[in-house]
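User: Could you take a close look at the sheet in this model and walk me through what packs on it? I'd like one connected account rather than a list.

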Amino acid sequence: MMQLLMVGCGKMGSAMLAGWRRAHHDGITFTVIKPTEPAANREQLTWYSKPEQIPRDYVPDVIMLAVKPQQLDEVLPFYAKRYASANVLYLSIAAGKTLGYFRQHLGEKAQVARAMPNTPALTGKGMSLLCAPSSLPETARYHATMLMEAIGKVALVDDESLMDAAAAISGCGPAYIYYFIECLVTAGKQAGLDETLARTLAIETLYGSAALAAQSHDNIEQLRKNVTSKGGMTEAALAVLMQDNALEKLLTEAVKAAKTRAEQLK
Ligand SMILES: NC(=O)c1ccc[n+]([C@@H]2O[C@H](COP(=O)([O-])OP(=O)(O)OC[C@H]3O[C@@H](n4cnc5c(N)ncnc54)[C@H](OP(=O)(O)O)[C@@H]3O)[C@@H](O)[C@H]2O)c1
């Protein structure tokens with residue numbers, strides 16, 4: 001039985017928690033530290049509002065750090081002291097905060113890995129990045145991988161300097177996609193559809209297109225061309241959407257802004 005201590009359990013933490021429960025991960029015992037009582041899954045976890053309430057004889061295998069990056073300075077000292085000599089893996093999902101930052105606050109010998117999940121973890125369809133140094137003990141690497149794989153796909157990132165760029169795609173990505181759906185629904189309504197139909201068409205089209213792209217051997221450009229008949233409706237729409245590469249430029253700027261923000265959070 002793996003003992004998982006979650007420090008913070010807000011939007012991302014509770015999505016992961018729901019994903020693990022959904023995957024019937026009966027091999028994990030959950031303990032959550034957060035100031036206010038968890039709204040969901042209350043019966044499936046032990047909750048303490050303050051770390052001082054954690055029983056002395058409780059030693060977790062993994063401490064998942066799921067607070068805001070700005071809260072870590074204040075949060076880490078307790079765990080650094082209490083678990084200084086314990087064989088525990090710290091698995092951080094905080095944007096921007098580096099392995100070096102954690103070693104500085106938790107001690108040079110602390111076992112630390114970084115993961116960057118996304119909220120679709122709740123449905124078991126998450127996309128996580130995992131940076132787990134090869135210097136970590138085998139069990140720690142196994143625990144980190146097992147936890148992230150239980151809630152979706154995992155991309156291993158050996159070069160930590162790529163974490164911010166990768167997080168700007170998959171960690172933030174669901175927000176870009178939801179915004180795209182919102183825009184498509186608005187456009188559908190403008191074209192005369194009711195909101196329910198526009199929403200269903202937009203979501204299912206996105207879902208189906210992603211499923212096709214994931215299983216196809218064609219590149220994405222070819223999949224787009226397969227929908228675009230010469231002189232047809234799609235061609236007319238794409239002439240607007242792709243004009244001056246405006247969308248590509250906008251997305252490039254957006255990803256750059258996310259990456260810059262990660263730098264500022266360090
Ligand atoms: N949201 C995402 O899509 C996403 C994706 C990838 C990574 N992340 C990362 O995940 C982390 C959490 O983000 P979030 O969106 O889940 O934020 P959030 O919803 O604001 O959750 C923050 C959590 O921290 C708790 N907390 C505050 N002070 C604490 C303390 N002293 N000790 C323990 N817990 C404390 C809060 O508890 P209360 O509710 O009781 O105040 C809340 O459960 C961030 O570092 C972020 O970079 C988020």
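Analyst: Here is the sheet, followed by the helices around it and the ligand shell.

First, the ground rules: this is a predicted model, where local features need pLDDT of at least 70, side-chain atom pairs count only at pLDDT 80 or more, and totals for chains, interfaces and linings use all residues. Residues are numbered from 1 along each chain as its sequence is written.

The sheet is open and mixed, with eight strands in the order 3-2-1-4-5-6-7-8. Strands (E, at least two residues) and helices (H or I, at least four) are DSSP runs numbered from the N terminus, and two strands pair if DSSP finds at least two bridges between them. Strand 3 (45-48) and strand 8 (152-156) sit at the edges with a single partner strand each, so one side of each has no neighbour in the sheet. From one strand to the next, the twist averages 25°.

Now zoom in on strand 6 (residues 111-116) and strand 7 (residues 126-131), which pair in the antiparallel sense over three bridges. Arg114 has Cys131 in strand 7 as its bridge partner.

Two helices pack here. Helix 3 (residues 99-106) lies across strand 5 (89-92) and strand 6, at about 140° to strand 6. Helix 5 (residues 163-170) touches strand 6 and strand 7, and its direction makes about 175° with that of strand 7. Contact takes C-beta atoms, placed from the backbone, within 7 Å; axes are lines fitted to C-alpha atoms, for helices over the stretch in contact, with angles from 0 to 180 degrees between N-to-C directions.

Helix 5 also meets helix 10 (residues 246-264): their axes come within 9 Å and cross at roughly 130°. That makes helix 5 oblique to helix 10 (under 35 degrees is roughly parallel, over 145 roughly antiparallel, 65 to 115 roughly perpendicular, and the rest oblique). On the helix 5 side, the contact uses Asp164, Ala165, Ala167, Ala168 and Ile169, which meet Val255, Ala258, Lys259, Ala262 and Glu263 in helix 10. By class, that contact has seven nonpolar, no polar and three charged residues; Ala, Val, Leu, Ile, Met, Phe, Trp, Tyr, Cys and Pro count as nonpolar, Asp, Glu, Lys and Arg as charged, and the others, Gly among them, as polar.

Another helix pair is helix 6 (residues 173-190) with helix 7 (residues 195-215), whose axes come within 9 Å and cross at roughly 140°. Helix 6 is therefore oblique to helix 7.

Finally, the ligand: 25 residues surround it, the closest being Gly8, Gly10, Thr36, Ala94 and Ala95. A residue counts as near if its C-beta atom, placed from the backbone, lies within 6 Å. Helix 1 (residues 11-22) gives the most to this shell, with three residues. The shell divides into 14 nonpolar, eight polar and three charged residues.
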